[in-house]
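Work through the exercises below with the sequence and the model open. Each task is followed by a stepwise solution.

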Amino acid sequence: MQQALPFRDWLTTAGSGGGGRSAAAAAANANSVSESTIGDAGSARKLVAENAVVVFARRGCCMCHVVQLLLRGHGVNPSIADVDEQNEADLADELAKIAGDGSAVPQLPAVFVGGELFGGLEEVMGAHISGELVPRLREAKALWL
Amino acid sequence: MNSTSARFVPSKRMGICEPMHQMAMWDFKGNNFLETSPPSMFEIETNLDNLSEDTSHGTVGPSSKYDQEASKSDDKVRRRLAQNREAARKSRLRKKAYVQQLESSKLRLIQLEQELHRTRLQQGQYVGGGIDTSQLGYSETTNPGIATFEMEYGQWVEEQNRQISELRSALNSDMGDMELHIFVDCGMRHYSDLFTMKATAAKADVFHIISGMWKTSAERFFLWIAGFRPSELLKQILMPNLEPLTEQQRLDVSNLRQSCQQAEDALSQGMEKLHYILAETIAEGQLGEGNYLHQIGSTIDKFEALARFVVQADHLRQETLQQIYRILSTRQAAQGLLAMGEYLQRLRTLSSCWSSRPTEQT
C-alpha cells in the first residue's frame, strides 16, 4: 500500500552497513560534512555548535537510521556523529553538559537541533506527528523552505 | 443502587405499619434519574415497567372535613407516589443490569472461544514449519513476564469489550459532550495501558510480543511491528466512520496520515536493517564448524534493539491517537474509539469462527 514515498530515494539498500556512511553518499544537500567519528568531548561541543542538526549514535545503530530517515524526509541533512563504544560513557556525560546543567544523561541516538538537545527517536517522532518538528527545524535554519 | 432506609411508622388510622422513606429521597437522584436516564439500546419498555410496578403500598384514607386529616391524606398520596416512583426506578435498574449482564456474557462467550483456539494453537494442534509447538507453548507459559502479560491482556480485552458497549449506548443516547468526554478519556487511557503492558512484556520476551502470539490469528495477519498500522487506522477504520469533518479537520487528518506513513516507513526500514544485521551476526564465521557460542552471544546482545523497536512503534501509535484526539470533536473521538474497538472485535470473532470451522480429516 505504501509505495515509493519521496524519501525512499535517500536510502541505499538495507544491505550496506553503517547507516551514516551510505547516507552521506546519497545526500546531495549543500549542508556541511555529514559524518565524523567522535574521539573526544571537545569535538562533540564543536559539532553541536557548528551544525544545525547533529545526531550522536553508535555505529550501525538501527534507531539512528530511523532518525536519519525522518529528518531527511523533511529535507534536512543531519550531521551524524559515530560514537565509539569505549567513549560512549564519557561522551554521554559531555552531551548532558552541553544540554544544560542538571540534564539527564541522554540515551543514544541523541539529536541536537540548533545547539540544543532535542531528544531521542521518541522525541523526534513525537514532534513529527504533532507537527512541531518542522517549525523547530526552520528556527534552527536547518530548513529554508 | 440507592440505599433506602425504611422506618416503620405505625399508622394510627389504619393500624398497619408502612415503610416511610426519608424525605431526602425526593430531591435525591431518584427524581433526576427518572427523567434523564438514557435509553439503552435494549429498549427498556417504560410502559411495561409502570404497569408491573403499579403497586399500592398503602390505602388512601377517606377524605375528611378536618384540615388535619386532609393534610394527612395528602401526605399519604405523596408517599404512595414516591413509593411507586421508587419501585419503578428499581425495576428499570434491575432490567438494565440484567440486559448488560446478557451482553457481557455474549462477549465473554466469544472471548472464551478465542482462548480455546489459542490454547489449541499452543498445544500443537496446528503445527507449522516442523517446530514442536507444544514445547514452544510450554516454554512460553513458564516465562513469568509473559504469563502475567497474557493474563493482563485477557483482562484488557474484557474491559475493552465492556467499554465498547458503553460507548455504543452513549452515542445512541442523547448524552452531552461533558459525559461523553469521560468515556473518551477512558478509552484513550485504556490504549495507553496496553502500550505500557506491551513494553514490559517486550523486555520479558520480545519475540512473543513481536510475533503476535498473544493475539488471535486474524489480528496477527494484519500486524505491523506488534500492533496496528496508524495510517491504516486513520484511512480504513476512522475516516469512514466519523461524523462529517470540517475543512480544517480534513486537512489535519490528511497531514497526520502522511506523517504516519513517513514514520512507519522509517521504522520499517530500520527494522529491515536490524533484520539484516541480526542475520549477519548469527551467520558470522564459517557455518559448518559446529562451534557457534560466540555468534549466539553477539546476536542475543542485539535483541535489545528489537524491544526498542516495539516500544517506538507503540509510541508512534500513542502519538497518533493523541493527535487524532486533538483534531476531532468529543463526539467524533467517541465514534472513532467505537469504530476501532469494533474493528478489533470483528477480527477476534473472525479468528474464532475460522478456528472452529469444520476441518477435513485426512
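By the rule used here, the count comes to 20 salt bridges over all chains. A salt bridge is a side-chain nitrogen of Lys or Arg within 4 Å of a carboxyl oxygen of Asp or Glu. The model is predicted: local features need pLDDT of at least 70, side-chain atom pairs count only at pLDDT 80 or more, and totals for chains, interfaces and linings use all residues. Residues are numbered from 1 along each chain as its sequence is written, chains are lettered from A and ligands numbered from 1 in the order in which they are written, and side-chain values use heavy atoms, with hydrogens and water left out.

**Exercise 1. Describe the secondary structure and burial of chain A.**

Step 1. Chain A has six helices and five strands. Helices (H or I, at least four residues) and strands (E, at least two) are DSSP runs, numbered from the N terminus.

Step 2. Read from the N terminus, the order in chain A is α-β-α-β-α-β-α-β-β-α-α.

Step 3. Chain A has 145 residues, and 49% of them count as buried. Buried means under 20% relative accessible area, exposed over 50%, partly exposed in between (1.4 Å probe, protein chains only).

Step 4. Take the contacts in chain A between residues at least 6 apart in sequence: 62% join residues at least 24 apart. Contact means heavy atoms within 4.5 Å.

**Exercise 2. Place the salt bridges of Lys46(A), Arg78(B) and Arg136(A).**

Step 1. Lys46(A) pairs with Glu50(A) at 3.9 Å, N to O. They lie about one helical turn apart, because four residues separate them in helix 2 (residues 41-50) of chain A. Lys46(A) is exposed at 52% relative accessibility, and Glu50(A) is exposed at 55%.

Step 2. Arg78(B) pairs with Asp75(B), with the closest N and O atoms 3.4 Å apart. These two are three residues apart in helix 4 (residues 67-122) of chain B, so about one helical turn separates them. Arg78(B) is partly exposed at 40%; Asp75(B) is partly exposed at 36%.

Step 3. Recall the helix geometry: an α-helix has 3.6 residues a turn, so residues three or four places apart point the same way.

Step 4. Arg136(A) forms a salt bridge with Glu116(A), the closest N and O atoms being 3.8 Å apart. This pair links distant parts of the chain, 20 residues apart: Arg136(A) sits in helix 6 (residues 133-139) of chain A and Glu116(A) in strand 5 (residues 116-119) of chain A. Arg136(A) is partly exposed, at 28% relative accessibility.

Step 5. Add the network: salt bridges link Arg45(A), Glu94(A) and Lys97(A).

**Exercise 3. Is Asn161(B) buried or exposed, and which residues is it in contact with?**

Step 1. Asn161(B) belongs to helix 6 (residues 144-172) of chain B.

Step 2. Its relative accessibility is 7%, so Asn161(B) counts as buried.

Step 3. Setting aside neighbours within four places in sequence, Asn161(B) is in contact with Leu107(B), Gln345(B) and Arg348(B).

Step 4. The side chains of Asn161(B) and Gln345(B) make a polar contact at 2.8 Å. A polar contact is a pair of N or O atoms within 3.5 Å; within protein, one must be able to donate a hydrogen and the other to accept it, and residues adjacent in sequence count only if both atoms are side-chain atoms.

**Exercise 4. Analyse the packing of helix 10 of chain B.**

Step 1. Helix 10 (residues 230-238) of chain B has these buried residues: Pro230(B), Ser231(B), Leu233(B), Leu234(B), Ile237(B) and Leu238(B).

Step 2. Their cover includes helix 11 (247-282), helix 12 (293-327) and helix 13 (330-355) of chain B.

Step 3. The axes of helix 10 and helix 11 of chain B come within 8 Å and cross at roughly 145°. Axes are lines fitted to C-alpha atoms, for helices over the stretch in contact, and angles run from 0 to 180 degrees between N-to-C directions.

**Exercise 5. Characterise the interface of chain B and chain A.**

Step 1. Count residues: 31 of chain B are in contact with 29 of chain A.

Step 2. The two chains bury about 2700 Å² between them, 62% of it on carbon and sulfur atoms. Buried area is the accessible area (1.4 Å probe) that two parts lose on being put together, summed over both.

Step 3. In chain B, Gln269(B), Lys273(B) and Arg308(B) lose the most area to chain A, together 26% of what that side buries.

Step 4. The rule finds zero salt bridges across this interface. Four residue pairs are in polar contact between the chains (both at pLDDT 80 or more).

Step 5. The largest share of the side of chain B that touches chain A comes from helix 11 of chain B, with 17 residues.
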